[in-house]
Amino acid sequence: MMADRKNKHAYLDDFEKDLNGNYQYRGAHYYYKGTQPRGKALAGLWVLCGGGTSCLLAAGFVHGATAHAPFWLLLPYMAGLLAGVYVLYLLVRLTAGGDPLRAYIHEQTAQKLPGVCLAAAVLAALTAAAQLVQLALGGQNLAARLLFAALQTVAAAAFIRANKRFKVLKYEKQE
């Protein structure tokens, strides 16, 4: 257990005290080397990830779409919503990290974001499919259930597109 804890916080070894007693980061940095400017690339990712998470959240406010819904519909919806919020949290950290990114921030954000976007997309698509199955089984609240499924589908598409964009962000490591 102690070894796991040490590895989890290994990046702390990259900080050293200076003469004034302040900690300075001395580890590796990642520099953005993408084809489009960093600000423009991040703005596009914010639109996709923010839009996807907004669609997930808006689906929860559709009156009657989840009334008396079974756990197999609500569980992927809640997990997808949490994944969407986590994507935004990681995107905040990536954006605030600046250029160059410290190595540990790059590992905790840029390397995780494609996978988390994919997870959010899969969960949104699964929720849309579950809603359509629920509609076929129950048939009530047709408009609300279709709107809910449509919002989930749009969210899944946004997160898949964001996943592809995150994969082409280019960072180069410099010690």
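**A small sheet and its helices**

Three strands make up an open sheet, lined up in the order β4-β3-β5, and the pairing is antiparallel. The model is a predicted one. At the edges of the sheet sit β4 (101-102) and β5 (171-174), each of which pairs on one side only.

Strand β3 covers residues 29-32 and pairs with β4 in the antiparallel sense, over two bridges. In this pairing, H29 stands opposite R102 of β4, and Y30 has L101 of β4 as its bridge partner. On the β5 side, four bridges join β3 to β5, and these two strands also run antiparallel. One of the partners here is E172 in β5, which is matched with Y31.

What about the two faces of β3? In a regular strand, side chains alternate between the two faces of the sheet. For β3, Y30 and Y32 make up the covered face, while H29 and Y31 make up the uncovered one. Putting the pieces together for single residues, Y30 belongs to the covered face and pairs up with L101 in β4. Y31, on the other hand, belongs to the uncovered face and has its bridge partner, E172, in β5.

Just ahead of β4 there is something to look out for in the backbone. Most peptide bonds are trans. The bond joining D99 and P100, however, is cis, with omega at about 10°. P100 is found in the loop between α3 and β4.

Now for the helices. Helix α2 (residues 38-60) packs against helix α3 (residues 71-96) at an angle of about 155°, and their axes are 10 Å apart. An angle over 145 degrees counts as roughly antiparallel, so that is the label for α2 and α3 relative to each other. Their crossing is left-handed. On the α2 side, the residues that meet α3 are R38, L42, L45, W46, C49, G50, T53, L56, L57, A59 and G60. Across from them, α3 brings Y77, G80, L81, G84, V85, V87, L88, L91, V92, L94 and T95. Sorted by type, the residues of this contact come out as 15 nonpolar, six polar and one charged.

Helix α3 has another partner too, namely α6. These two helices pack at an angle of about 35°, with axes 12 Å apart, and α3 passes α6 in a left-handed crossing. From α3, the contact takes in L73, Y77, G84, V87, L91 and L94, and from α6 it takes in F148, Q152, F159 and F166. The tally for this contact of α3 with α6 is eight nonpolar, two polar and no charged residues. Some α3 residues turn up in both contacts: Y77, G84, V87, L91 and L94 are listed with α2 and again with α6.

Two single residues in these helices round off the picture. A79 has its place in helix α3. Is A79 buried or partly exposed? Its relative accessibility is 32%, so A79 counts as partly exposed. Along the sequence, A79 is 41 residues apart from A120, yet in space the two are 8.0 Å apart, C-alpha to C-alpha.

N163 lies in helix α6, which spans residues 142-168. Buried means under 20% relative accessible area, and N163 has 6%, so it counts as buried. Which residues does N163 touch, leaving aside its neighbours within four places in sequence? N163 is in contact with P114, G115, C117 and L118.

Terms used:
Residues are numbered from 1 along each chain as its sequence is written. This is a predicted model: local features need pLDDT of at least 70, side-chain atom pairs count only at pLDDT 80 or more; totals for chains, interfaces and linings use all residues. Side-chain values use heavy atoms; hydrogens and water are left out. Axes are lines fitted to C-alpha atoms, for helices over the stretch in contact, and angles run from 0 to 180 degrees between N-to-C directions. Angles under 35 degrees count as roughly parallel, over 145 as roughly antiparallel, 65 to 115 as roughly perpendicular and the rest as oblique. A crossing is left-handed if the near helix is turned anticlockwise from the far one by less than a right angle, and right-handed if clockwise. Contact means heavy atoms within 4.5 Å. Ala, Val, Leu, Ile, Met, Phe, Trp, Tyr, Cys and Pro count as nonpolar, Asp, Glu, Lys and Arg as charged, and the others, Gly among them, as polar. Two strands pair if DSSP finds at least two bridges between them. Buried means under 20% relative accessible area, exposed over 50%, partly exposed in between (1.4 Å probe, protein chains only).
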